[in-house]
Amino acid sequence: MNDLFLQALKGENKEKRPPIWLMRQAGRYMASYQALRAKHSFLGLCKTPDLIAQVTLLPIAEFGFDAAIVFSDILLIAEAMGLDLRFEEGKGPILGPCLKDKSSLETLYNRQILSELSFVFEGIKLLKKSLKVPLIGFSGAPFTVASYMIEGQSNRELLKTKEWLFHDPDSFHELLDLIADYTIEYINAQIDAGVDAIQLFDSWAHVLAARQFEEFSLRYMKKIISKMKKCPVIVFCRGSSIFYESLASLKPDCISLDWQSDVKTVRKKIAGISLQGNLDPDILLQDTKIVEREARAILKAMKDDPGYIFNLGHGILPKTPIANVHALVACVKQG
Ligand code: CP3
């Protein structure tokens, strides 16, 4: 077992190079993924344990990443809570009927989410039989999952979400708390099934002002971390370059940084917590020389840091050339 990733999560990496994996590493930029997608819908892949295992392994086999992430999606939990979920070509996720106010919360109670999501746990068990690198399980954080349940799709401004949050904070808290409780159940079942680490994705937290971030995002990540079974946890949010000191107050094992901050500057302020990130995913769309130059700058800044994990600042983009991913991994593996 290659446990470089777990060593770095503990802040105990003694090798000459950091571990590397990439958010969304199993996806459309890979021809092998496209070939499977030609035969199955995205949700079909997510809901079939054999296919979950197969897709999760694609980028490990092709690039030799140091960690695998379970092939799934943060919105499956919303479906398990009773919403309809579709993925439309070119449009992304569509959820409905959208939550509107306190009266929409009734139907969300007493859901058996674990039986609805059993394919995830079966996929994890299959993967654990053959995987030679650690396996990361994940969930969306409550604020981001709530925003999708309210907006019904990806939306840059989250105006409906903000309107609810400002006009009826009590029922908005009720929603977040409910999602947090289901998330704890979901994460604990992934841990029982065998994942080696958990990453929480609060992808939309960057739309919040600092006061609202503390009240509506951070508070629920804190609840989840305090109630989940013992397992290393990574917190990611877009906005982490601004909010990292708040995130550090959660005492996670690792903070995943978006690309706006200089990771070395953050390291000077944050001790005892591992850092992950934070190459701008757009850099992988440029000439290979630029990819290598920018990757080396981060590697040099974090050289010999025992708690550093190389990653992007957000998910890898579908148009990323495969050759650049190979070059990036080669760069990181040279140290
Ligand atoms: O990282 C991995 O390889 C594991 C799989 C993974 C997916 N989604 C697969 C996926 C993970 C960890 C996610 C998380 C996720 N999903 C987030 C949080 C991370 C982030 O990017 O901010 C969010 C916000 C979602 C919701 C979601 N799923 C959107 C907005 C979209 C459409 C945009 C897009 O990239 O297509 C998806 C679809 C999705 N999730 C795909 C994949 C591989 C593409 C589906 C396809 O094959 O058509």
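User: In this predicted model, what makes a stretch of the chain count as a helix or a strand, and how many of each are there?

Analyst: A helix is a DSSP run of H or I with at least four residues, and a strand is a run of E with at least two; by that standard the chain has 15 helices and 9 strands.

User: Why is the chain called as compact as a globular protein of its length?

Analyst: The globule rule gives 20 Å for 335 residues, and the radius of gyration of the chain is 19 Å, which is close to that value, so the chain is as compact as a globular protein of that length. Along its principal axes, the C-alpha trace spans about 55 × 45 × 35 Å.

User: Why is Ser217 called buried, and where is this residue found?

Analyst: Buried means under 20% relative accessible area, and Ser217, at 1% relative accessibility, therefore counts as buried. Ser217 lies in helix H11, which covers residues 210–227, and, leaving aside residues up to four places away in sequence, Ser217 touches Phe143, Asp202, Ala205, Leu208 and Gln212. In the chain as a whole, buried residues make up 59% of the 335 residues.

User: What share of the contacts with a separation of 6 or more comes from residues 24 or more positions apart?

Analyst: Among contacts with a separation of 6 or more, residues 24 or more positions apart account for 74%.

User: How many positive and negative side chains does the chain have, and what is known of its accessible surface?

Analyst: There are 41 positive and 40 negative side chains, with the centres of the two sets 5 Å apart, while the accessible surface comes to about 14500 Å², of which 50% belongs to carbon and sulfur atoms.

Technical notes: Residues are numbered from 1 along each chain as its sequence is written. This is a predicted model: local features need pLDDT of at least 70, side-chain atom pairs count only at pLDDT 80 or more; totals for chains, interfaces and linings use all residues. Side-chain values use heavy atoms; hydrogens and water are left out. The radius of gyration is taken over C-alpha atoms; the globule rule is 2.2 Å times the number of residues to the power 0.38. Buried means under 20% relative accessible area, exposed over 50%, partly exposed in between (1.4 Å probe, protein chains only). Contact means heavy atoms within 4.5 Å. Accessible areas come from the Shrake-Rupley method with a 1.4 Å probe; for residues, only the protein chains shown count as cover. Lys and Arg count as positive and Asp and Glu as negative; His and the chain ends are not counted. The place of a charge is taken as NZ of Lys, CZ of Arg, CG of Asp or CD of Glu.
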